[in-house]
Amino acid sequence: MITHSTRFTPVRKDEDMNEVAVNPLQGTIRRWVWVVIFATAFAYVESAVVVYLREIYFAGAFEFPIVTVWKNGRHVLDPLILVEMGREAATVVMLAAIGVIAGSSALQRFCFFMIAFAVWDIFYYVWLWVILRWPESLMTWDLLFYLPLPWVGPVVAPVLIAATMVAAGSILVYLVEKGFTIRWHWVDWVVELGCGFLLIVAFCWDWKNILRVPDGNAYSGIPNPFAWWLFLPAYLVAVIYFAVRVNRTLRTGMGSR
C-alpha cells in the first residue's frame with residue numbers, strides 16, 4: 001500500500017504537468033480574448049472623449065469643414081491641442097503596454113499590440129454608432145488624426161486596415177504557438193513599413209484643402225475624392241506580401257520546432 005501510494009502520487013503530478021505543457025495554445029487564446037476585451041472597453045472611453053470634444057469644439061457635429069484659424073500665414077492651434085497630443089500618446093502607450101503584458105516574446109508582444117490597436121480602432125466606430133448613430137455608413141468621411149497633418153478618409157479605409165491587422169497579428173501569434181519561428185528580415189520591414197507610410201500619405205493627401213491653407217486657392221474644406229489610387233495599391237501590396245511570406249513558412253516548414 002505504502003509503496004503503491006508513493007509511486008502513484010508522482011505519476012499524477014507528472015500527468016498534470018504534461019497536460020498543462022501540451023496545451024499552451026489555450027493560455028494564448030485566453031490572453032487574446034482578454035486583449036480584445038480590454039481594447040473593446042478602451043474604445044468606448046475613446047468614443048466618449050470624442051463625443052465630448054466634438055460637442056465642445058464642433059457643436060456636436062461630425063461634419064466638414066472643420067474649424068481652422070490662420071493668423072499672419074500661420075495655423076493657430078488651440079492651447080488644449082497639447083493636451084490632446086498627450087492623450088493620443090498615452091493611448092498608444094496603454095495599447096502597447098497591454099501587448100507587452102500579453103506577449104511571451106518580442107514578436108508576440110508586437111502582434112498583441114497590433115491586435116489591441118486594431119480592435120480599439122474598429123470598436124471606436126462601433127461605439128460611436130451605438131451612442132450617436134454615426135457614422136451613417138462605411139463611406140462617411142472622418143477626421144482620424146489632427147497631427148502633424150489632418151488624416152482624413154472614409155470610415156471604411158481605417159476599418160479595413162484594422163481588420164487586416166487583427167487577422168495578421170492573430171495568424172502570427174497562432175503560428176508561433178504551433179512551433180514556427182517567424183523571422184522578419186530588413187526587406188520585409190522595408191516593404192511593410194513602406195506600404196504603411198503610403199497609407200498615411202493617402203490619408204493626409206488633401207491636407208491643404210482640409211486646413212484651408214491661405215495660399216491663394218479657394219479651398220472649401222470639404223474632403224475631395226479619397227486617394228484610392230494610392231491607398232489600394234499600398235494596401236494590396238502589404239497584404240499580398242504578408243500572405244506570401246506566411247505561405248512560404250508554412251510550405252517549407254522553415255523554423256518549425
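Here are some friendly notes on this predicted model, point by point.

1. A good place to start is the nonpolar interior. The largest nonpolar core holds 50 residues, and V35, F203 and F231 are the ones with the most contacts inside it. Two or more residues come from each of α2 (24–57), α3 (81–102), α4 (106–132), α5 (156–177), α6 (186–204) and α8 (228–252). Of these elements, α4 gives the most, with eleven residues.

2. What does V35 touch, leaving aside its neighbours within four places in sequence? The list is I98, A102, F112, I115 and A116. Apart from the largest core lies another one, of nine residues, which includes F64, I66, V152 and I210.

3. Next, have a look at helix α8. With 25 residues, α8 spans 35 Å from its first C-alpha to its last, close to the 36 Å expected at 1.5 Å a residue. Its buried residues are L230, F231, A234, Y235, A238, F242, R245, V246 and T249, so an arginine and a threonine sit in that list beside the nonpolar side chains. The cover over the buried residues of α8 includes α5 and α6.

4. On to the strands. β3 (residues 141–145) and β4 (residues 151–154) run antiparallel and are joined by four bridges. A hairpin of five residues connects β3 to β4. At one end of the pairing, F145 has W151 as its bridge partner in β4, while W141 stands opposite P154.

5. The pair F145 and W151 is worth a second look, since the two are also linked through their rings. Why does this pair count as edge-to-face? The ring centres are 4.9 Å apart and the planes meet at 70°, and the class begins over 60 degrees. W151 is buried, because its relative accessible area of 17% falls under the 20% limit. F145, at 26% relative accessibility, counts as partly exposed.

6. There is more to say about aromatic rings. The count of aromatic pairs comes to 16. One of them is F113 with F117, a tilted pair at 6.2 Å centre to centre and 55° between the planes. F113 and F117 are four residues apart in helix α4, so about one helical turn separates them. In general, an α-helix has 3.6 residues a turn, so residues three or four places apart point the same way.

7. Ring pairs also build a cluster out of W141, F145, W151, F203, F226, W228, F231 and Y235. This ties back to earlier points: F203 and F231 are among the residues with the most contacts inside the largest core, and F231 and Y235 are among the buried residues of α8.

8. Please check the loop between α4 and β3, where R133 is found. R133 has a positive phi, near 60°, in a residue other than glycine. Its side chain lies over the face of W129, at 4.2 Å from the ring centre. With a relative accessible area of 49%, R133 is partly exposed, because the exposed class starts over 50%. P135 is found in that loop too, and a cis peptide bond joins W134 and P135, with omega about 5°.

9. A last backbone item is R212, in the loop between α7 (207–211) and α8. The phi of R212 is near 50°, again positive in a residue other than glycine. R212 is partly exposed, with a relative accessible area of 29%. As background, most residues other than glycine have a negative phi, and most peptide bonds are trans.

Note on methods:
Residues numbered from 1 in each chain as written. Predicted model: local features only at pLDDT ≥ 70, side-chain atom pairs only at ≥ 80, totals over all residues. Heavy atoms only, no water. Core = buried A, V, L, I, M, F, W, Y, C linked by side-chain atoms within 4.5 Å. Buried < 20%, exposed > 50% of the residue type's maximum accessible area, 1.4 Å probe, protein only. Contact = heavy atoms within 4.5 Å. Expected span 1.5 Å × (residues − 1). Pairing = 2+ DSSP bridges. Phe/Tyr/Trp six-rings, centres within 6.5 Å; stacked < 30°, edge-to-face > 60°. Lys NZ or Arg CZ within 6 Å of the ring centre and 35° of its normal.
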